[in-house]
Amino acid sequence: MQGAIAEVNRQFEIPGIAQLVEGNGALPKVRIASPECEGEMYLHGAHVTSWKPAGAEEVLFLSSQSRFEHGRAIRGGVPICFPWFGAKSDDPNAPAHGFVRTKTWQLESITQVGNAVTVSMFTESNEDTKRWWPADFRLVHRATFGSELGLELVLTNTGTSSLRFEEALHTYYRVANIESARVRGLDTIHYLDKTDSNRKRQQHGDIVIVSETDRVYLNTEDAIELEDPVLRRRIIVTKENSHTTVVWNPWEEKARSFSDFAPDEWTQMICIETSNVADFAVDLAPGQQYRMKALVSIVDF
């Protein structure tokens, strides 16, 4: 492992700023330590697990019980859901949220502009992916670590047939106490309530989490604001080419069913997911490319 890491660093390392190191479970990760932030991104799932702007507290939630193992998704940070969201509609045996979040991706580049560091990883179709999904594709996840966190998914249809896919940046945000947090920016928006047979409802005012919450907000393009009065900060999420927003907190009973959540950790997180899911899945012609972006910033108050 160390030899392989050293070889990769000879090609990609930015000395003193960004390098590949051995992470949890001996899985390799890129570690960033710049004047603007600290961060980390695993090759396993191209998974961002930390972003801590200079002078600020950690922004992302990561479960203390998360398993860092091949074939398992990391609990917390930014899992990538692709090419379907949730269960696969025509195959109950297929992996939930697709297969890329448990794949080992390849490092494409590490670049620096000013104090911001961009890490680019990619994965492609192969015999394993075609067991679940017949399409030919190349998927890039580009994460920019700086005073803001930029996330970009770029899908290229490398095949000869059109394809249709869902995608989500399943981002877990850290909060001091979920019951005091507020989510703004979705007032009057219709959503599918996954805790109630996907019934369609309309949001009225701020989102306040008081029970298990699993909602797909439809036709959303505006910025979302997560206010945390205990940590005295607002997390602002803006996005491009994303037409749905998923809001999720498992609450106590559902969280107990997950072996990779510690007791009460559900009180310290909320997922706000930049996505294109359900009726807003994306159709992509051969040779075409689709980019979805999210930009995360924090404002103290």
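**Exercise 1. Find which residues line the largest cavity of this predicted model, and sort them by character.**

Solution.
Step 1. List the lining: Ile-224, Val-237, Lys-239, Thr-245, Ile-272, Glu-273 and Thr-274.
Step 2. Sort by side-chain class. The lining has 3 nonpolar, 2 polar and 2 charged residues. Isoleucine and valine count as nonpolar, lysine and glutamate as charged.
Step 3. State the volume. The largest cavity holds about 30 Å³. With a cut-off of 30 Å³ or more, the count is 1 cavity.

**Exercise 2. Determine which strands each supply at least two residues of this lining, and which strand gives the most.**

Solution.
Step 1. Strands S18 (233-240) and S20 (269-276) each contribute at least two lining residues.
Step 2. The greatest share comes from S20, with 3 residues.

**Exercise 3. Place S18 in its sheet and describe how S18 is joined to S22.**

Solution.
Step 1. Write the strand order of the open sheet: S6-S7-S8-S9-S22-S18-S17-S13, which makes 8 strands with antiparallel pairing.
Step 2. Identify the edges. S6 (106-113) and S13 (182-184) each have a single partner strand, so one side of each lacks a neighbour in the sheet.
Step 3. Give the turn between neighbours. On average, neighbouring strands of this sheet are turned by 15 degrees against each other, direction ignored.
Step 4. Look at one pair. S18 and S22 (residues 289-300) run antiparallel and are joined by 8 bridges.
Step 5. Name one bridge. Ile-235 has Ile-298 as its bridge partner in S22.

Definitions and conventions. Residues numbered from 1 in each chain as written. Predicted model: local features only at pLDDT ≥ 70, side-chain atom pairs only at ≥ 80, totals over all residues. Heavy atoms only, no water. 1 Å grid on protein atoms, 1.4 Å probe; cavity = no way out; pocket = protein on both sides within 12 Å on 5 of 7 lines; lining within 4 Å. Points joined across faces, edges and corners; volume = space filled by probe spheres on them. Helix = DSSP H or I, 4+ residues; strand = E, 2+ residues; numbered from the N terminus. Pairing = 2+ DSSP bridges. Axes fitted to C-alpha atoms, helices over the stretch in contact; angles between N-to-C directions.
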